[in-house]
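Reader: I would like to learn how to read helix packing, exposure and a ligand shell from a model. Please take one feature at a time.

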Amino acid sequence: MKSKLDLNKIERPLVIAGPCSAETEEQVLNSARLLQKEGIQIFRAGIWKPRTRPNCFEGVGSEGLEWLKTVQKETGMQTATEVANVKHVFEALKYGVDILWIGARTSANPFAMQEIADALKGVDIPVLVKNPVNPDVELWIGALERLEKAGIKQLGAIHRGFSSYEHSIYRNIPQWQIPIELKRRMPNMPIICDPSHICGNRVLLQSVSQKAMDLNFDGLMIETHPTPDQAWSDAQQQITPTQLTELLSSLKLRVEHP
Ligand code: PEP
Ligand code: MN
């Protein structure tokens, strides 16, 4: 059995990969098996999906948590999912999800963040907080502080870019100065880049991932799917597990000089 994630002792880059959404049991298990073969140790899948407009696929819900349990048992991988409210937190904990993350729409809402932090009091689980959708570093720091105050010891930040009405090549503009400012203010906070939601397409993934490595980010969260074009959400930005390995091996890691 692999040792559990310790966000305070990360071997760079930490890689979290898996589909945007858990769709079916077969798709989840197939994704996890393929990623395990590529040496990935942390599996992500959205169980509850925050969609901008109604009538889109909104996630399979708690049923998918059973599939994540099977992933843990079958592959030894750790699992990660998004929680957006207290019900999600309790469900994810009940089913033994290893790592929780807070999405960009939730970290923008201090009431939701406080409720989640209260629900996590006394729970020893790594929690990753995506930047809020809007470019507000105080809100991002505030979300992390609420969890810190609730006693969460393993905390990390995820940079997924910021939404804008302006036209851009990115789905969410990186505005790298914001994660850099977060790191300046919280120097011990591990920071992971999510190039998938920054780019919104496959073409830019490599360059955004490399930029994150150049800036000394601690890891990457990248959406992968066995058949990306058929994904039920975020199809254009997902890559196959084999493409993920190609991308990761193309990255030049920053060498620290003493
Ligand atoms: C996701 O990770 O699939 C997701 C919904 O991300 P975000 O909260 O960054 O939009
Ligand atoms: Mn997604």
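Reader: Within what distance do the axes of helix α1 and helix α2 come, and at roughly what angle do they cross?

Author: Keep in mind that this is a predicted model. The axes of helix α1 (residues 25–37) and helix α2 (residues 63–75) come within 10 Å and cross at roughly 30 degrees. Angles under 35 degrees count as roughly parallel, and α1 and α2 are therefore roughly parallel to each other. The crossing of α1 past α2 is right-handed.

Reader: Which residues of α1 and α2 meet?

Author: From α1 come Glu25, Val28, Leu29, Ala32, Arg33 and Gln36; from α2 come Gly64, Trp67, Thr70, Val71, Glu74 and Thr75. Sorted by class, the residues of this contact of α1 with α2 are 5 nonpolar, 4 polar and 3 charged.

Reader: How do I read the pair α4 and α5: what are the axis distance and the crossing angle?

Author: Take the steps in the same order. Helix α4 (residues 110–119) and helix α5 (residues 137–149) have axes that come within 9 Å and cross at roughly 20 degrees. That angle makes α4 and α5 roughly parallel to each other. α4 passes α5 in a right-handed crossing. On the α4 side, Pro110, Met113, Gln114 and Ala117 take part, and they meet Gly142, Ala143, Arg146, Leu147 and Lys149 in α5. The residues of the contact of α4 with α5 divide into 5 nonpolar, 2 polar and 2 charged.

Reader: Now exposure. Is Gln230 buried or exposed?

Author: Count the other C-beta atoms within 10 Å; a residue with 12 or fewer is exposed. Gln230 has 11, so Gln230 is exposed. Gln230 is placed in the loop between β8 (219–223) and α9 (241–250). From Gln230 to Leu139 the C-alpha distance is 35 Å, with their positions 91 residues apart in sequence.

Reader: And how does Arg185 count, and why?

Author: Arg185 has 13 C-beta neighbours inside 10 Å and therefore counts as partly exposed. Arg185 lies in helix α6 (residues 177–185). The C-alpha atoms of Arg185 and Ser249 are separated by 31 Å, and the two residues are 64 residues apart along the chain.

Reader: Last, the ligand. Which residues are around ligand 1?

Author: List the shell, then sort it by class. Around ligand 1 are Cys20, Gly46, Pro50, Gly103, Ala104, Lys130, Arg160 and His197. This shell has 3 nonpolar, 3 polar and 2 charged residues.

Conventions. Residues are numbered from 1 along each chain as its sequence is written. Chains are lettered from A and ligands numbered from 1 in the order in which they are written. This is a predicted model: local features need pLDDT of at least 70, side-chain atom pairs count only at pLDDT 80 or more; totals for chains, interfaces and linings use all residues. A residue is near a molecule or strand if its C-beta atom, placed from the backbone, lies within 6 Å of it. Ala, Val, Leu, Ile, Met, Phe, Trp, Tyr, Cys and Pro count as nonpolar, Asp, Glu, Lys and Arg as charged, and the others, Gly among them, as polar. Helices (H or I, at least four residues) and strands (E, at least two) are DSSP runs, numbered from the N terminus. A residue is buried if 20 or more other C-beta atoms lie within 10 Å of its own, exposed if 12 or fewer, and partly exposed in between; C-beta atoms are placed from the backbone. Axes are lines fitted to C-alpha atoms, for helices over the stretch in contact, and angles run from 0 to 180 degrees between N-to-C directions. Angles under 35 degrees count as roughly parallel, over 145 as roughly antiparallel, 65 to 115 as roughly perpendicular and the rest as oblique. A crossing is left-handed if the near helix is turned anticlockwise from the far one by less than a right angle, and right-handed if clockwise. Two residues are in contact if their C-beta atoms, placed from the backbone, lie within 7 Å.
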